Amino acid sequence: MSESVVPKHARVVVIGGGVIGCSVAYHLAHLGVKDVVLLERDRVTSGTTWHAAGLMVTFGSTSETSTELRKYTRDLYARLEAETGQATGFKPVGFIEVASDKDRLEEYRRVSAFNRYCGVDVQEIGPSQVKELFPIAKTDDILAGFYVKEDGRVDPVDVTMALSKGAKQKGATILEGVAVTDVTHQRGVVTGVKTTRGDITCDVVVNCAGMWARQLGARSGVTIPLQSAEHYYLITEKISGIDRTWPVLEDPGCHGYYREEGGGLMIGLFEPKCAPWKIEGVPEDFSFGELSPDWDRMTPYLERAMSRVPVSQEAGLKKFFCGPESFTPDLRPCVGEAPELKNYFMAAGLNSIGILTGGGMGRALAHWIVHGRADIDVTGMHVDRLHRYQANPEYRRTRTVESLGMVYQCHYPFRSMSTARGAKKSAIHDRLAARGAYFKDVSGWEGADWYSPDGKAPEKDELTWGRPTWWRHWQAEHEATRSGVILMDMSFMSKFRVEGRDAGRLLNRISANHVDGAPGLITYTQWLNEGGTLEADLTVTKFDDERYWVVASDTAHRHVETHMRRHFGDAHVFVSDVTSGYAQINVQGPKSRALMQAVTTADLSNEAFPFRAAREIDIGFARVLCVRITYLGELGYELYIPTEQATHVYDRLVEAGAPLGLMHAGLKTLASCRMEKGYRDYGHDIDNTDSVLEAGLGFAVDLKKPDGFIGKEAVVAFKAKGPLHRRLLQVLVKDPGPLMFHAEVVWRSGKPVGYVRAASYGHTLGGAVGLAMVDAGQPLDQAWIDSGAWEVEIAGKRYPAVASLKPLFDPEMKKVKA
């Protein structure tokens, strides 16, 4: 053990000496932060890093962020030895992903097209080429392989030691045998750490404690919902003919990955249903630990994996290893600053990709800490997307069984997690179920996705890359929205009351639009950071000079609340989360005014209740906040109803809507209608790396309002540079057959210029429609769009498309303002 003196103060304390912690320390030191101290309770790599399989793979993700993290990590590992003198064991032997069924073939063709756009040289190869590269594999049932020559493997311990050495060479301190027992804080801000060898004051703490991260965070009131589970690999005795230069082979359909190890074969497993380990908490003294393998549970999965390489069934068994790995509820990492505690950062819950993203993750988090904001899209990994109840023991026990297995599941576009369901239900849930609602997981809420007309929704997802049998129900709901009237439950939306003498001034300060104007008005706005990029996309309704109503998406719930609390400080303003206190029912469509007028005495004429009006109205025995706004591109109203009166209002709406042909519509219709209108969704088609101007939201920015807003200087400077080169465009596939979901590459005149960030099917427009961020490399204007031939690549085939800056549906807002 190291006996170095524990310092009294540090700028940053990194907790945990695995690959992630060492990477964070390395990158902080390289950014010039000299007083970085990394504390490891035992020995570097003693948690889970030491038993990692060491795959270094860039193929496989349709997230640009994840792909870039992987690419950076591979390049870093390739050069670390020259920089530090410490070997990393990086061997670019290549990597092959194989598909043995048509659905996985579809998935990998989609993934490979996107990965090539991101700079990964992935080649589709045939079964015979797979056999040439990995001769002992059974290939007669393989449809194709996807080969990346530059990928390969590393030694996890050596990589971590190299990062540690590189950090120390730049002035960081690495201390082993020093356990952090608590993080100290005052008035919601980190002040230091308590350790087994004395206290350290510091400005920033980074929790990289791996499978202990949840337990450590809980001591400070910080929620990090991850759970350890058994994770397995088998190592055979030596097998004649195996070559160390063979690529890594992965076959998710057989639950396994395969690579040479000591002249034999390593077979790693990701079984469909796993076994959580130590729900009550990982022992503090668990180091370089192994678990007893569960042969009875694992044998069927192991036999399936070994069937891909039949010679492994005849080889001697050298080791059947079981060790813990931590997994998160949605199989995405927990990264960023804790909403509960300022300057408490974390990078944990890497879901078995800690080695292959470790370099990039460390770089990204170090940049975030030093510069105050991330330079990559973190909307999908920020810990504030998760909620406190997800750290409950029963939730972790239930969800983890599924989450590990999702690593190797086919990633169908409409798939929803099926475990740990029913945690949150809206007040009208049972009535919707009786109407045939099929529910999906919406940030823990049961969200009605679509409805079966016979009132009997299926119990399980229909998994397909094509058109599911419920497609016609979705289409009918969409068409009813465009021509009639629909009712949609959106109670999962995040709702906040903001009150006090300073409420209007401070909301206006953090909002790019002017939100402190006339009372009784809703305003669509973005919240920006100092760099002028997006932090939130939401609405603010003003009731009067001291009462406001903020509504954001379900995924932005904790992010929005934290943003307000951090910026409001000690001013006379109070933020109340009232999400659970109000149901939200949306009534939308050309006949929505007729329905609403039938249930209230309030005058809802266009003159009396214009677009953006927000007032309390009567419906039966209830007082309801009625807002004339839409996210579907139609005349419509959003109703905020006290939870205890929600069923009463719902029943009145259904009764009055029957003569008008009222239909219930689900979230599939929300997606298809908003996509036809080009409405944005933060975290899906816009993110924290986008300028508000690039996102096409300049119309919601008020540069002339008194006192400005956070990010104004950056927006003005960005605008002064001249015409934009990078913009979010709407893209419509002309052929009504193919479907877009996400990450389809967009081509202009034979060159890739961007990719689809989010998509749906435009039942009114007659084809798949999406929003794509496009980089023209020159001024991107309508002339540039019109002069090019547009295509979208879907599963390896290009289809003619239309691109537009303006919404392809109702660009003049005539329907919305009718």
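Here are some short exercises on this structure, each with a solution worked in steps.

Keep in mind that this is a predicted model, where local features need pLDDT of at least 70, side-chain atom pairs count only at pLDDT 80 or more, and totals for chains, interfaces and linings use all residues. Residues are numbered from 1 along each chain as its sequence is written, and side-chain values use heavy atoms, with hydrogens and water left out.

**Exercise 1. Follow helix α2 from start to end.**

What span does α2 have, and where does it bend?

Step 1: Find the helix. Helices (H or I, at least four residues) and strands (E, at least two) are DSSP runs, numbered from the N terminus. α2 takes in residues 64–84, which makes 21 residues.

Step 2: Check the span. The expected value is 1.5 Å times one less than the number of residues. For α2 that gives 30 Å, and the helix reaches 29 Å from its first C-alpha to its last, close to expectation.

Step 3: Look for the bend. It sits at A78 and comes to about 35 degrees; the angle is taken between axes fitted to the seven residues ending there and the seven starting there.

Step 4: Inspect the ends. At the start, a side-chain oxygen of S63 comes to within 3.3 Å of the backbone nitrogen of T65. After the helix comes G85, with a positive phi near 85 degrees.

Step 5: See what is hidden. Buried means under 20% relative accessible area, exposed over 50%, partly exposed in between (1.4 Å probe, protein chains only). The buried residues of α2 include L69, L76, Y77 and L80. Among the elements that cover the buried residues are α1 (19–30), α3 (102–117) and α8 (354–371).

**Exercise 2. Do the same for helix α13.**

How many residues of α13 are buried?

Step 1: Locate α13 at residues 557–568; its twelve residues reach 17 Å, close to the expected 16 Å.

Step 2: Count the buried ones. Nine of the twelve qualify, so α13 is largely enclosed by the rest of the structure. H557, H559, H563 and F568 are among them.

Step 3: Name some of the cover. It includes α12 (503–510), β23 (521–528) and β26 (574–577).

Step 4: Move just past the helix. There you meet G569, whose phi is positive, near 55 degrees.

**Exercise 3. Describe two aromatic pairs.**

Are the planes of F59 and F95 stacked, edge-to-face or tilted?

Step 1: Get the rules. Rings of Phe, Tyr and Trp (its six-membered ring) pair if their centres lie within 6.5 Å; planes under 30 degrees apart count as stacked, over 60 as edge-to-face and the rest as tilted. The structure holds 34 such pairs.

Step 2: Apply them. F59 and F95 have ring centres 6.4 Å apart and planes at 40 degrees, so this pair is tilted.

Step 3: Place the two residues. F59 is in the loop between β3 and α2 while F95 is in strand β4 (residues 95–99), so the pair ties together parts that are 36 residues apart in sequence. Both F59 and F95 are buried.

Step 4: Try F134 and W246. Their centres are 5.3 Å apart and their planes at 50 degrees, so they are tilted. F134 belongs to the loop between α4 (127–133) and β6, and W246 to the loop between β12 (227–236) and β13 (248–251), so parts 112 residues apart in sequence are tied together. F134 and W246 are buried.

**Exercise 4. Find charges over rings.**

Which ring does R798 lie over?

Step 1: Use the cut-offs: NZ of Lys or CZ of Arg must be within 6 Å of the ring centre and within 35 degrees of the ring normal.

Step 2: R798 lies over the face of W747, at 3.5 Å from the ring centre.

Step 3: R467 lies over the face of Y761, at 5.0 Å from the ring centre. Y761 is also one of the members of an aromatic cluster that includes W465 and F741.

**Exercise 5. Examine two serines with a positive phi.**

Where do S352 and S749 lie?

Step 1: Recall the background. Most residues other than glycine have a negative phi.

Step 2: Take S352, with phi near 70 degrees. S352 is in the loop between β18 (344–348) and α8, and is partly exposed at 23% relative accessibility.

Step 3: Take S749, with a positive phi of about 50 degrees. S749 is in the loop between β33 (745–748) and β34 (751–762), and is partly exposed at 42%.

Technical notes. Contact means heavy atoms within 4.5 Å. A polar contact is a pair of N or O atoms within 3.5 Å; within protein, one must be able to donate a hydrogen and the other to accept it, and residues adjacent in sequence count only if both atoms are side-chain atoms.
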